[in-house]
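Student: I've got this one open in the viewer and would like to talk it through. Could you take my questions one at a time?

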Amino acid sequence: MEYSCTLLNAIFVPIIGAFILPLAGRVSAVIRNTIAFGLIAASLIFSLKMLPAVSAGQTLVINKQFAFGLNFVLVADPLAVFMASISSFLSTIILFYSFGYISHYENQNEYYFMVVLFLGAMMGLIFSANLVLLYIFWEITAITSWRLIGFFREKNHVLRADKAFLLTAFGAITMLIGFVSLYQQAGSFDLSAIKASAQIHPIANFAVMLILFGILSKSATLPFHTWLPDAGVAPSPVTALLHAAILVKIGVYVFARIFVATVTPAQFWQTAVPVIAAVSAIVSAGAALMETDLKRLIAYSTVSQIGFIFFGLSVGNSLAIAGGLLYILMHGIAKAGLFLCAGIIEQNTKTKDITKLGGLINTMPVTAISFLLCAFSVMGIPPFGGFFSKYMVFAGAIGAQKYWISLVFLIGAFMTILYLFRAFNLIFLGEAKMTHAKEGSLSMVTSVAILGALSLLSGLTVYYPSKFVEMTVSHMLGVKF
Amino acid sequence: MGALLLPILIPLIAGILSLLITKRFRILSEVVVLWATFFNLVIAVLLFKNNLTVSLPMTHWGLTFSLRLYHFSGFIMLAVAGFAALIALYSVVFMKGKDHLNQFYGYFLITLALTNGAVLANNLIVMLFFWEGLLLVLFGMIAIGNKMAYKTATKAFIIVGVTDLCMMLGIALTGHLAGTLTMSKIHLPLIGLGNLAFILLMIGAISKAGAMPFHSWIPDAAVDAPLPFMALVPAAFEKLLGIYFLARISLDLFNLIPGSWVSIVLMTIGAITIILAVMMALIQKDYKRLLSYHAISQVGYMILGIGTALPVGIVGGLFHMINHALYKSGLFLTGGSVEKQTGTTNLEKLGGIGTKMPVTFACFLITACAISGVPPLNGFFSKELIYDGALERGWIFYAAAILGSFLTAASFLKLGHSAFLGKLHESNKNTQEAPIPMLIPMIIIASLCILFGVFNYLPLNNFIQPILGTARLHGHNFAGFPTNPFLVLMTAVVIVAAILNHFWGVKSKGSAIKAVDHIHYAPILSTIYEKAEKRFFDPYDIGMQVAQRIAEAAFWCDRKIDWFYEVLTVKITFAFTHSIKKAHDGSYSTYLAWSLVGGLLVVLFLMFSV
């Protein structure tokens, strides 16, 4: 149990620490920012500290029993630690970026409070092995993201935030009904009990459908995706947090947690989910090709890429699952980079309309190169990280004999190249339409440069993440490779 | 195992080094590129004829970092190293004073490293890793050209990127069917899904080689990109790499047999590429653009040759690959020296410079004769082999190939005549011969064109025929003079016809540049040409329009879904609350009525449930 303290710290340091931030902010902004950074960095360090143990095959469990089959269970298995490390790492960079970005605006105390609480809730959700506990953390992320999307408090922004909240909360409630139906079957909300019972009785399709509503709405997949582009009105670090690091990955993570690692839904879902994901990937890629608002464009790209992740996780092939998990990592890094670049562009040119931009590579070289590196990774070009994850998803899907759906996703991959290049060319190349645009502040530029470099490095050193993912998949499926 | 990593690591490190060199020390990047390409050549020579393998397993799912040096990969690496060294020497003079020098040399060397990696790879994913990585440097090399070059760079990136993705799917499918990704262990029959896998891999291979319909960035790049890039990449590296992989999938990974439909698909692509591209080349009025269309057209011969799936055709196709790389990069280099010395490649502003630049002219003459298939130069022998294979598979393919040769000869007569002969153009009065370091690569290449022709047994016996191996050759040896007198006679007729056609054209129109106007402005053809010149048939533009339509439809769907949430749900909610609101009007009698109805329902429920 020596790691149980680490596990609790990873979750509760940010959650409890978040409440100190508004107080600290009354004393000094610098102290508040330092504490906020420290809290998230602590969460990252605690997550990383668990890596060696889980790599060695240990699984850490904290279990406190309550009445009615409710128990407080936290499990740190490879999947959870993998996800926690990604989320807290990206949040650390995004928070560092925020120092430059958010310093121009009001209500900073609230901002840091919400962001840190958001991450804490995410960590809680990741390690929860009880569905009720998971649901509680799920809703905390919904509430914090509602406030963060409407952070600028314009009427229109608040409406968009309401939309995001209502859609995801609707999904969450149907998901809760699904959880209850799992409870009726297994007599417990504990995932290990559900796993044991599901091996005897396969779970009802009805329950799968209800839970999928929740997952798809949170991960912004068709037809529940339109809140995500609308959420682009939030501050850029928040959109990065929502789209790349935390919010949309929740649905994907819970899918992996419940439908891959715990129960195996009926064969039917191995076709149904990929079909939904394929439609989602194509429609949103098309929308990204039409969109002229930079942040909405990248948001549609997220919807499209999430489709690839679901594709990998849902076809029921170990290689595809590994690809899907690796995709979470690669996409997280690259997409966070793209959003943070968008933030620099937006703040320094005062516009998000890509048709009004151009030639910025001369005035913002670091942002331009970082944007390009991240874009290459999302496109799946070697030696960038996205190449390996995309290949593994495709190869796994072929292994699961999903030939036609793979061809549809291939079109999605084509369109990824098109819309990202269209955006890059319109923003950074061609005639310079504004001369006053300058490079972002130091913390912002450093953040995007780190993410751009990581997009490349994650591909060059793909051996390490892929080894870990291999171990994770072997643990999830209970098979030895 | 270390030896095999050298051809990848040396150029890669040198390339990164060159990218890091600042403007002040630009001379350093020239030193770096010369030494790195020289070392690479030495290593390639030393490694040739060796058999080595490296294998480092990485994941459970077949991703193994494995390289394999054997005859075929060693030969391609040698050819690549030779071209790299010659063109590096050329570039050092040509690129002097140009912008982005460090980037150009950096991308140059990284291209070399990745090409070596792709050739050596013995695992399909490792191959794809290097192969697709070339996209990045391709983009970079074109983009550093003139101001609008980034558009062409994007076009190239998108075309090649899309086909590389097809290849990725093909590799996934091949791996699934074969149960391994190790190239030397894959031997699949061409049945069922195998056909799909072959087609997907083939798309990647022929797109890299620049065949139709994946060609349209090449003529644009000829105008926008730095010239040594054209001689290096589309003329040499990409042809070598693309045809290498096409040969690998046709010979090793799959067993392409004559009569299979994929063989007919390949030959058809080859034949169409030959004809359409050379038709476009014929009417060009720019030195480099004309050459670039030939770079497309010639790849048609190689694909046709390999597509025949007959030993004679495959040997011809592979021989043509190396021959084409020689004379086409030679031709581009002559184009470069014309550009450097006269400042233009527009044929209307050139003329009569043959006497001013005799060495360039001589090199042009040899390489142009080689591409036109004039004996005893190398192009003649490889084309004869391809004709032989094509004729055996169907006269229509042969007819396309021979018609292509006629038009090739005609367009080079036009090019040579209008640039080097005829009246000296006023602006070229003070033109001088190109500097020696630029002439050396051209002379070497032109000499090789003669050597590979006159002594064609040298390349055929040492390089080409061992690729197939004695078993596949069935004891044939294709070295020496062609054995089929009919084919040789036809070739001679075609060349004479092209010469007659040229002089007739010149005579009737009065100028060399208009020598083919009777074809250009022939009825029907003129309208097609007009549309082609306006990019009406550019597959890239058509593809973009299709993508745009798909995007519009997708966006419409997306907006409709949003409408459901933004409008419909809101309306329904309002309608619902509105009707409920009406029931709560504050009137005592209404509430009493509701209570009574409610009470009645409770009573009824109790009565019937008991």
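Tutor: Sure, here are some questions and answers on this predicted model.

Student: Before we zoom in, what ipTM does the predictor give the complex?
Tutor: Start with chain B, which averages a pLDDT of 84, with 100% of the residues at 70 or above. For the complex there's a pTM of 0.88, and the ipTM is 0.87.

Student: Where in chain B is confidence highest?
Tutor: At the low end sits helix 19 (residues 517-520) of chain B, with a mean of 75. At the other end, with 90, is helix 22 (residues 588-609) of chain B.

Student: Over to chain A: what radius of gyration does it have?
Tutor: Picture the C-alpha atoms in a box of roughly 65 × 55 × 40 Å along the principal axes. A compact globule of 481 residues would come out near 23 Å, and the value for chain A agrees with that. The radius of gyration of chain A is 21 Å.

Student: How much of chain A counts as buried?
Tutor: For the fold itself, chain A has 20 helices and 2 strands. Of its contacts with a separation of 6 or more, 81% link residues 24 or more positions apart. The buried portion of the 481 residues is 64%.

Student: Which helix gives the largest share of the side of chain A that touches chain B?
Tutor: In total, 36 residues of chain A are in contact with 35 residues of chain B. The elements giving two or more residues to chain A's side are helix 7 (155-186), helix 13 (269-290), helix 17 (385-399), helix 18 (403-428) and helix 20 (463-477) of chain A. The largest share, 9 residues, belongs to helix 18 of chain A.

Student: And by class, how many residues on that side of chain A are nonpolar?
Tutor: Sort that side by residue class and you get 2 charged and 7 polar residues. The nonpolar count is 27.

Student: Which helix gives the most to the largest nonpolar core?
Tutor: That core has 427 residues, and those touching the most other members are Val116(A), Ala336(A), Leu138(B), Leu240(B), Leu246(B) and Ala401(B). Take Ala401(B): leaving out residues up to four places away in sequence, its contacts include Ile274(B), Tyr301(B) and Leu304(B). The top contribution, 20 residues, comes from helix 15 (residues 318-349) of chain A.

Student: Why is helix 16 of chain A described as largely enclosed, and how many of its residues are buried?
Tutor: Helix 16 (residues 365-379) of chain A has 15 residues, which should span 21 Å at 1.5 Å a residue, and its end C-alpha atoms agree at 21 Å. Its buried residues pack against helix 14 (294-314), helix 15, helix 17, helix 18 and helix 19 (442-460) of chain A, together with helix 5 (124-143) of chain B. Just past helix 16 comes Gly380(A), with a positive phi near 85°. The helix is largely enclosed by the rest of the structure because most of it is buried: of its 15 residues, the buried ones number 12.

Student: What glycine sits just after helix 18 of chain B?
Tutor: Helix 18 (residues 485-509) of chain B runs for 25 residues and reaches 36 Å, close to the expected 36 Å. Among its buried residues are Leu487(B), Thr491(B), Ala498(B) and His502(B), and their cover includes helix 13 (358-372) and helix 14 (378-393) of chain B. The residue just after this helix, with a positive phi of about 85°, is Gly510(B).

Student: Is Phe83(B) buried or exposed?
Tutor: Phe83(B) is in helix 3 (residues 71-94) of chain B. One of the residues it touches is Ala236(B), 153 residues away in sequence yet 7.3 Å away C-alpha to C-alpha. The cut-off is 20 or more other C-beta atoms within 10 Å, and with 26 such neighbours Phe83(B) counts as buried.

Student: What about Arg153(A), buried or exposed?
Tutor: Arg153(A) is in the loop between helix 6 (131-149) and helix 7 of chain A, and its phi is positive, near 65°, though it isn't a glycine. With 11 other C-beta atoms within 10 Å, Arg153(A) is exposed.

Student: Last one: which proline follows Met212(B) through a cis peptide bond?
Tutor: Chain A has a cis bond too, joining Leu222(A) and Pro223(A), with omega about 0°. In chain B, look in the loop between helix 7 (193-209) and helix 8 (217-224). There, with omega near 0°, the residue joined to Met212(B) is Pro213(B).

Methods
Residues numbered from 1 in each chain as written. Chains lettered and ligands numbered in written order. Predicted model: local features only at pLDDT ≥ 70, side-chain atom pairs only at ≥ 80, totals over all residues. Contact = placed C-beta atoms within 7 Å. Helix = DSSP H or I, 4+ residues; strand = E, 2+ residues; numbered from the N terminus. Nonpolar A, V, L, I, M, F, W, Y, C, P; charged D, E, K, R; others polar. Core = buried A, V, L, I, M, F, W, Y, C linked by C-beta atoms within 7 Å. Rg over C-alpha atoms; globule rule 2.2 N^0.38 Å. pLDDT = per-residue confidence, 0-100. Expected span 1.5 Å × (residues − 1).
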